[in-house]
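Reader: Hi! I'm in my first year and still learning to read protein models. Could you take me through one part of this one slowly, and then show me what lies around it?

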Amino acid sequence: MAPMTSSVTPSSWQDFRTAEPAFAATVQQRFQQYRHHVLATLRVDGSPRVTGLEVNFRMDTLWFGMMPNSRKALDLRRDPRFAIQANPGPDAEMADGDIRVSGRAVEITDDAVRARFVEEVTPPEPFLLFRADPTEVVRTGIDDEDIVVQLWRPGHPLRTLRRKGDESPVRES
């Protein structure tokens, strides 16, 4: 089965930060609250695979490092689409919201970039390094009685959607 294609062109993390600096800072801060997060990749048959992963924000980039020949690395090499969800934390409150980033992972083989990453992070060797280029960034939270969804896609302004927890229509603010 051929991989499905997306009509959304990925953007760099730096492009996202430039377009929406406050939202990007909120997203980054939320990911940095905990060390481990949940990555979704696509298996050969197209079904989802979820696995734990650490992320790094360095050099204006969102990075994924992983062991060679890990299932998630093989998935990303075959089909670069991913979604990663920030660790929700120890309780059900999620005061800082639920954060998800979807996009395409680009494997980095440039020795100079890898060397710079190693200087800053000192990952266990050997490792594969992927740059995460977002196609969508979403934050879902609660504000009083509203469910609030903030949504960014490359080339579009940040959208904020609000709805009640019932069948009321969605409002854009």
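Author: Happy to! Let's start with Pro-126, which lies in the loop between α4 and β6 (128–143). Keep in mind that this is a predicted model. The peptide bond leading from Glu-125 to Pro-126 is cis, and its omega is near -10°.

Stay in that loop for a moment, because Thr-122 is exposed there, with a relative accessible area of 59%. Its backbone deserves a look too: phi of Thr-122 is near 50°, a positive value in a residue other than glycine. So the loop between α4 and β6 holds both Thr-122 and Pro-126, and Thr-122 counts as exposed because its 59% is over the 50% cut-off.

Now follow β6 to its other side. Asp-144 is found in the loop between β6 and β7 (146–152). Here again phi is positive, at about 60°, although Asp-144 is not a glycine. Asp-144 is exposed as well, with a relative accessible area of 72%.

Next, let's turn to the largest pocket. About 340 Å³ of space lies in it. It is lined by 17 residues, and the closest to its centre are Glu-54, Gly-65, Met-66, Pro-123 and Pro-124. Which elements give two or more residues to this lining? They are β2 (48–58), β3 (61–66) and α4 (111–121). Strand β2 gives the most, with four residues. By character, the lining divides into nine nonpolar, four polar and four charged residues. If you wonder how such spaces are found, rolling a probe the size of a water molecule over the atoms shows where empty space is left.

Last, a look at how some strands pair. Strand β1 (residues 36–42) and strand β4 (residues 81–85) pair in the antiparallel sense, over three bridges. In this pairing you can find Leu-39 opposite Ile-84 in β4. Strand β4 is also joined to strand β5 (residues 98–107), by five bridges, and these two run antiparallel. There, Phe-82 stands opposite Gly-103 in β5. As you trace strands like these, it helps to know that in a regular strand the side chains alternate between the two faces of the sheet.

To return to your starting point, find the cis bond from Glu-125 to Pro-126 once more, then step back along the loop to Thr-122 with its positive phi.

Conventions:
Residues numbered from 1 in each chain as written. Predicted model: local features only at pLDDT ≥ 70, side-chain atom pairs only at ≥ 80, totals over all residues. Heavy atoms only, no water. 1 Å grid on protein atoms, 1.4 Å probe; cavity = no way out; pocket = protein on both sides within 12 Å on 5 of 7 lines; lining within 4 Å. Points joined across faces, edges and corners; volume = space filled by probe spheres on them. Nonpolar A, V, L, I, M, F, W, Y, C, P; charged D, E, K, R; others polar. Pairing = 2+ DSSP bridges. Buried < 20%, exposed > 50% of the residue type's maximum accessible area, 1.4 Å probe, protein only.
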